Amino acid sequence: RGIAHDLAESDLVDVFYSKDPYDLARLFAPPKPVYGRGIVMVRNPIRRSVATYKRLQMRKPDMVKDMTLEQFALSDHLQDNFLTRTLSNNRDSPLTQADLNVAKEVLKRKFVVGLYDDFEESVHRFEAFFGWKLIDSSSSCQSKIIQREMDLDYNDFDSIPYDSAYTAIAEKNREDLELYKYAEYLYQYQKRVLFGNAEIHDVMEASQNRPPPMVDFGKIVRGQ
């Protein structure tokens, strides 16, 4: 529908959200003379899996009724390597090192990376990158929304015991764990390259009068 209505070139939408970057990238595929700029919030796959389990316990208890965390990890309710599969566009086949390499390359070339465990800082980086400036009332509202996200019951855990459940989740997300380590590296690397290691609030002020770097998001479709 977005392609049919030519949303990428319209003035109707400023931000697109999708769990599938390859599908979204079709909006920017040639001969479109427009570019997309990707941002992503990456979460530790172990913590992501535990939060998914806790959220299902709360919202869809029948789905995981009487399941332990380990049983959940071993079941089909927990998809393996969600991020690697998404970024490599390999949804069903066994993952290979080549798939992981593609996922790393797409993450590096197409996205400004945020980390869920550093949520507020990541959001401020996105604002600085796009040159967004919030008024005081909006900034206060944003802080409350971020805090509400962090306080959700299914996010309310400090540590995860290193037990058989942890091992089962880690085994099922082996590629995602490696990809997450790479995302952590990119998070620090981009701080130096995109934001010059300055305090993010200073960068946000300086970015108001300059456009963000152009990224040919449509090249995802062409495998470039």
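The largest nonpolar core in this predicted model has 18 residues. Within that core, the residues with the most contacts are Val 42, Leu 87, Leu 107, Val 113 and Leu 179. Five elements each supply at least two residues of this core: strand 1, at 38-42; helix 4, at 82-88; helix 5, at 97-110; strand 2, at 111-115; and helix 9, at 174-195. Helix 9 provides the largest share, six residues. As a general point, nonpolar side chains in soluble globular proteins tend to be buried together.

Allow me to take one member of this core as an example. Which residues does Val 113 touch, not counting residues up to four places away in sequence? They are Val 40, Val 42, Leu 107, Phe 126, Ala 183, Leu 186, Tyr 187 and Gln 190. Apart from this core lies another, of 13 residues, including Val 50, Tyr 53, Leu 78 and Ile 169.

I turn now to the residue just before Val 113 in the numbering. Val 112 is found in strand 2. Is Val 112 buried or exposed? Val 112 counts as buried because its relative accessible area is 4%, and the cut-off for buried is under 20%. Setting aside residues up to four places away in sequence, Val 112 touches Gly 38, Ile 39 and Val 40, together with Phe 126, Phe 129, Gln 190 and Leu 194. One further distance may help you to place this residue: the C-alpha atoms of Val 112 and Ala 183 are separated by 10.0 Å, although the two residues are 71 apart along the chain.

Next, please look at helix 4, where Thr 84 lies. Thr 84 is buried, with a relative accessible area of 0%. Which residues are in contact with Thr 84, once its neighbours within four places in sequence are left aside? They are Leu 95, Asp 99, Leu 100, Ala 103, Glu 175, Asp 176 and Leu 179. Leu 179 was also named among the residues with the most contacts inside the largest core.

A third residue to consider is Phe 119, in helix 6, which covers residues 119-130. At 17% relative accessibility, Phe 119 counts as buried, since the limit is 20%. Leaving aside neighbours within four places in sequence, its contacts are Met 41, Ile 146, Glu 149 and Met 150. How many residues separate Phe 119 and Met 41 in sequence? They are 78 residues apart, yet their C-alpha atoms are 8.0 Å apart in space.

Let us step back to the chain as a whole. The protein chain contains 11 helices and two strands. Read along the sequence, these elements follow the pattern α-β-α-α-α-α-β-α-α-α-α-α-α. Of its 224 residues, 42% count as buried. When contacts between residues at least 6 apart in sequence are considered, 74% of them join residues at least 24 apart.

What, then, of the surface? The protein chain exposes about 13,300 Å², and carbon and sulfur atoms supply 50% of that area. A nonpolar patch on the surface is formed by Tyr 185, Tyr 189 and Val 193, which together have about 290 Å² of accessible area. Val 193 is found in helix 9, and helix 9 also gives the largest share of the largest nonpolar core.

I shall close with the charged side chains. How many salt bridges does the structure hold? The structure holds 10.

One of them joins Asp 23 and Arg 26, at 2.9 Å from N to O. Asp 23 is partly exposed at 39% relative accessible area, and Arg 26 is likewise partly exposed, at 44%.

Another salt bridge links Arg 85 with Asp 80, the closest N and O atoms being 3.1 Å apart. In this pair, Arg 85 is buried, with a relative accessible area of 6%, whereas Asp 80 counts as partly exposed at 24%.

A salt bridge is also formed between Glu 171 and Arg 174, whose closest N and O atoms are 2.3 Å apart. Glu 171 is partly exposed, at 49% relative accessibility; the label follows because exposed requires over 50%.

Finally, a network of salt bridges links Glu 105, Lys 108 and Arg 109.

Methods
Residues numbered from 1 in each chain as written. Predicted model: local features only at pLDDT ≥ 70, side-chain atom pairs only at ≥ 80, totals over all residues. Heavy atoms only, no water. Core = buried A, V, L, I, M, F, W, Y, C linked by side-chain atoms within 4.5 Å. Buried < 20%, exposed > 50% of the residue type's maximum accessible area, 1.4 Å probe, protein only. Helix = DSSP H or I, 4+ residues; strand = E, 2+ residues; numbered from the N terminus. Contact = heavy atoms within 4.5 Å. Patch = residues over 30% accessible without salt bridge, like charges linked within 9 Å, V, L, I, M, F, W, Y side chains within 5 Å. Areas by Shrake-Rupley, 256 points an atom, 1.4 Å probe, with all protein chains shown as cover. Salt bridge = Lys/Arg side-chain N within 4 Å of Asp/Glu carboxyl O.
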